[in-house]
Amino acid sequence: MKLYSFWRSLASFRVRIALNLKGVAYEQVAVDIDRQQHRDGGYAALNPQMALPALVLDDGTVLTQSLAILDYLDEACPGAALLPGDAKGRARVRALAAMIACDAHPLTTPRVQRYLTEVLHVDDAARAAWPRHWAAEMLAAVEAQLAGHAATGRFCHGDAPTMADICLAGHAVFARNQGLDLGATPTVQRVFEAAMALPAFASAHPLAQPDTPAALRGKPAAS
């Protein structure tokens with residue numbers, strides 16, 4: 001398999017974690033969003049949406065959208081299950097994952113940031129406040145879903161990582177990069193730290209990728 005990704009892409013981070021949890025070998029192909037490489041002819045032909053990631057299977061099939069890729073990997077690949085075995089559990093995990101990947105993440109992508117700056121001409125203070133607001137709002141929402149819920153265990157749902165933890169890891173990393181303190185959401189912080197202690201999560205961290213800028217590579221994986 002080939003994974004087209006970018007070190008800072010949270011959606012790519014999700015897929016790297018899932019591939020690691022499944023024990024699937026893959027080749028990583030860097031697509032530099034900052035240099036607009038996702039918009040050039042080669043990648044646009046692969047994924048007309050020009051968004052990351054894209055996973056190319058051994059037979060040439062191209063999969064896009066991180067949650068769809070996670071679903072595929074869970075159905076097609078042996079190894080750690082990314083969803084619980086019961087219907088209610090799967091619904092809860094999918095809801096937690098969707099809160100982050102579908103509600104919060106789209107508001108903070110580079111294309112949204114560029115629109116705020118280049119089209120709406122928001123000032124630097126407003127541009128910085130935008131992602132912090134949405135990151136903090138989602139941390140609080142996830143905390144409310146996890147804290148005190150009977151199904152919450154060491155991880156978001158039970159004592160093994162699922163799709164929900166994969167999404168939570170990326171959001172927590174993003175929130176910390178925005179200067180937010182996870183201590184205000186103690187259940188989120190506890191689950192995040194449990195996840196990042198696993199090699200499958202730690203090795204997928206944005207700061208541990210081949211295309212991570214040298215000045216950033218090697219910093220603590222949970223920062």
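H5 gives the most to the lining of the largest pocket: four residues. Keep in mind that this is a predicted model. H5 spans residues 110-118.

Who else contributes? Helix H1 (10-22), helix H3 (66-76), H4, helix H6 (124-146) and H7 are on the list too, and each of these, like H5, supplies at least two lining residues.

Now the pocket itself. Its volume is about 1,200 Å³. The lining runs to 44 residues. Which of them lie nearest the centre? Leu10, His105, Thr108, Thr109 and Pro110. What about chemistry? By class, the lining of the largest pocket has 21 nonpolar residues, 15 polar and eight charged.

Next, two of those helices, H4 and H7. Both supply residues to the pocket lining. They also pack against each other. H4 covers residues 87-104, and H7 covers 163-177. Their axes are 7 Å apart, at an angle of about 30°. Angles under 35 degrees count as roughly parallel, so H4 and H7 are roughly parallel to each other. Which hand is the crossing of H4 and H7, left or right? Left-handed.

Then the contact residues. From H4 we have Val93, Leu96, Ala97, Ile100, Ala101 and Ala104. From H7, the partners are Met163, Ala164, Cys167, Leu168 and His171. By class, this contact of H4 with H7 has 10 nonpolar residues, one polar and no charged. His171 in H7 is the polar one.

Set that beside the pocket. The lining of the largest pocket has eight charged residues, whereas the contact of H4 with H7 has none.

Methods
Residues are numbered from 1 along each chain as its sequence is written. This is a predicted model: local features need pLDDT of at least 70, side-chain atom pairs count only at pLDDT 80 or more; totals for chains, interfaces and linings use all residues. Side-chain values use heavy atoms; hydrogens and water are left out. Axes are lines fitted to C-alpha atoms, for helices over the stretch in contact, and angles run from 0 to 180 degrees between N-to-C directions. Angles under 35 degrees count as roughly parallel, over 145 as roughly antiparallel, 65 to 115 as roughly perpendicular and the rest as oblique. A crossing is left-handed if the near helix is turned anticlockwise from the far one by less than a right angle, and right-handed if clockwise. Contact means heavy atoms within 4.5 Å. On a 1 Å grid over the protein atoms alone, a cavity is a set of points where a 1.4 Å probe fits but cannot get out, and a pocket is an open set with protein on both sides within 12 Å along at least five of seven lines; lining residues have an atom within 4 Å of a point. Grid points are joined across faces, edges and corners, and a volume is the space filled by probe spheres set on the points.
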